[in-house]
Amino acid sequence: LIVTLEETSKDSAAAEARIESLAKAVLAVGAAQKVANKDLKVGNLSVEPKTDFDQVTRKRIFVGNAYQRVIEFRFHDLEAMKRALATHV
């Protein structure tokens, strides 16, 4: 199971805090299903500028930074994965 957490914002502190809060909640779901450390992979927080193209001015407009963290779980029990998926974070 691969979970990608992403938020785009101009407020770096708020976006990073939100991603980290969600990451803790997702990791808690994995811990509740007893996912072993060897079956868990937590990616680094990546930050990249995100732009949009303005058709009127024909210029790229900065809309914020995209903050992303990927968490991967390997389940050896289908029921544990179903329980994890049923959890609302």
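Glu-20 has a relative accessible area of 25% and therefore counts as partly exposed. In this predicted model, Glu-20 forms a salt bridge with Arg-69, and the closest N and O atoms of the pair are 2.7 Å apart. The two partners belong to distant parts of the chain: Arg-69 is in strand 4 and Glu-20 is in helix 1, with their positions 49 residues apart in sequence. Arg-69 is buried, because its relative accessible area is 13% and the limit for buried residues is under 20%.

**Salt bridges**

Side chains of opposite charge can pair when their charged atoms come close. The model has 4 salt bridges in total. Three of them, including the pair just described, are set out below.

| Pair | Closest N to O | Places in the chain | Separation in sequence |
|---|---|---|---|
| Glu-7 and Arg-18 | 3.8 Å | strand 1; helix 1 | 11 residues |
| Arg-69 and Glu-20 | 2.7 Å | strand 4; helix 1 | 49 residues |
| Asp-39 and Arg-74 | 3.9 Å | loop between helix 1 and strand 2; loop between strand 4 and helix 2 | 35 residues |

The partners also vary in their accessibility. Glu-7 is partly exposed, with a relative accessible area of 24%, and Arg-18 is likewise partly exposed, at 46%. Asp-39, in contrast, is buried, with a relative accessible area of 7%.

**The nonpolar core**

In soluble globular proteins, nonpolar side chains tend to be buried together. The largest nonpolar core of this model has 15 residues. Within this core, the residues with the most contacts are Val-3, Leu-5, Val-26, Ile-71, Phe-73 and Phe-75. Strand 1 (2-9), helix 1, strand 4 (59-73) and helix 2 each give two or more residues to the core. Helix 1 gives the most, with 6 residues.

Val-26 illustrates how parts of the chain that are separate in sequence meet here. Residues up to four places away in sequence being left aside, Val-26 touches Val-3, Leu-5, Ile-71, Phe-73 and Val-89.

**The largest pocket**

The space in the largest pocket amounts to about 180 Å³. Helix 1 (12-32) and helix 2 (78-86) are the elements that give two or more residues to its lining, and helix 1 gives the most, with 3 residues. The lining consists of Leu-1, Val-3, Val-26, Val-29, Gly-30, Phe-73, Phe-75, Ala-84, Leu-85, Thr-87 and Val-89. By type, these residues comprise 9 nonpolar, 2 polar and no charged. Val-3, Val-26, Phe-73 and Phe-75 appear in this lining, and they are also among the residues with the most contacts inside the largest nonpolar core.

**Exposed residues outside helices and strands**

Lys-34 lies in the loop between helix 1 and strand 2 (40-42). Although Lys-34 is not a glycine, its phi is positive, at about 60°. Lys-34 is exposed, because its relative accessible area is 73% and exposed residues are those over 50%.

Arg-58 is found in the loop between strand 3 (46-54) and strand 4. Arg-58 too is a residue other than glycine with a positive phi, near 60°. Its relative accessible area is 56%, so Arg-58 is exposed.

His-88 is located in the segment after helix 2. With 78% relative accessibility, His-88 also counts as exposed. His-88 and Val-35 are separated by 53 residues in sequence, and the distance between their C-alpha atoms is 17 Å.

Conventions
Residues are numbered from 1 along each chain as its sequence is written. This is a predicted model: local features need pLDDT of at least 70, side-chain atom pairs count only at pLDDT 80 or more; totals for chains, interfaces and linings use all residues. Side-chain values use heavy atoms; hydrogens and water are left out. On a 1 Å grid over the protein atoms alone, a cavity is a set of points where a 1.4 Å probe fits but cannot get out, and a pocket is an open set with protein on both sides within 12 Å along at least five of seven lines; lining residues have an atom within 4 Å of a point. Grid points are joined across faces, edges and corners, and a volume is the space filled by probe spheres set on the points. Helices (H or I, at least four residues) and strands (E, at least two) are DSSP runs, numbered from the N terminus. Ala, Val, Leu, Ile, Met, Phe, Trp, Tyr, Cys and Pro count as nonpolar, Asp, Glu, Lys and Arg as charged, and the others, Gly among them, as polar. A nonpolar core is a set of buried Ala, Val, Leu, Ile, Met, Phe, Trp, Tyr and Cys residues joined through side-chain atoms within 4.5 Å. Buried means under 20% relative accessible area, exposed over 50%, partly exposed in between (1.4 Å probe, protein chains only). Contact means heavy atoms within 4.5 Å. A salt bridge is a side-chain nitrogen of Lys or Arg within 4 Å of a carboxyl oxygen of Asp or Glu.
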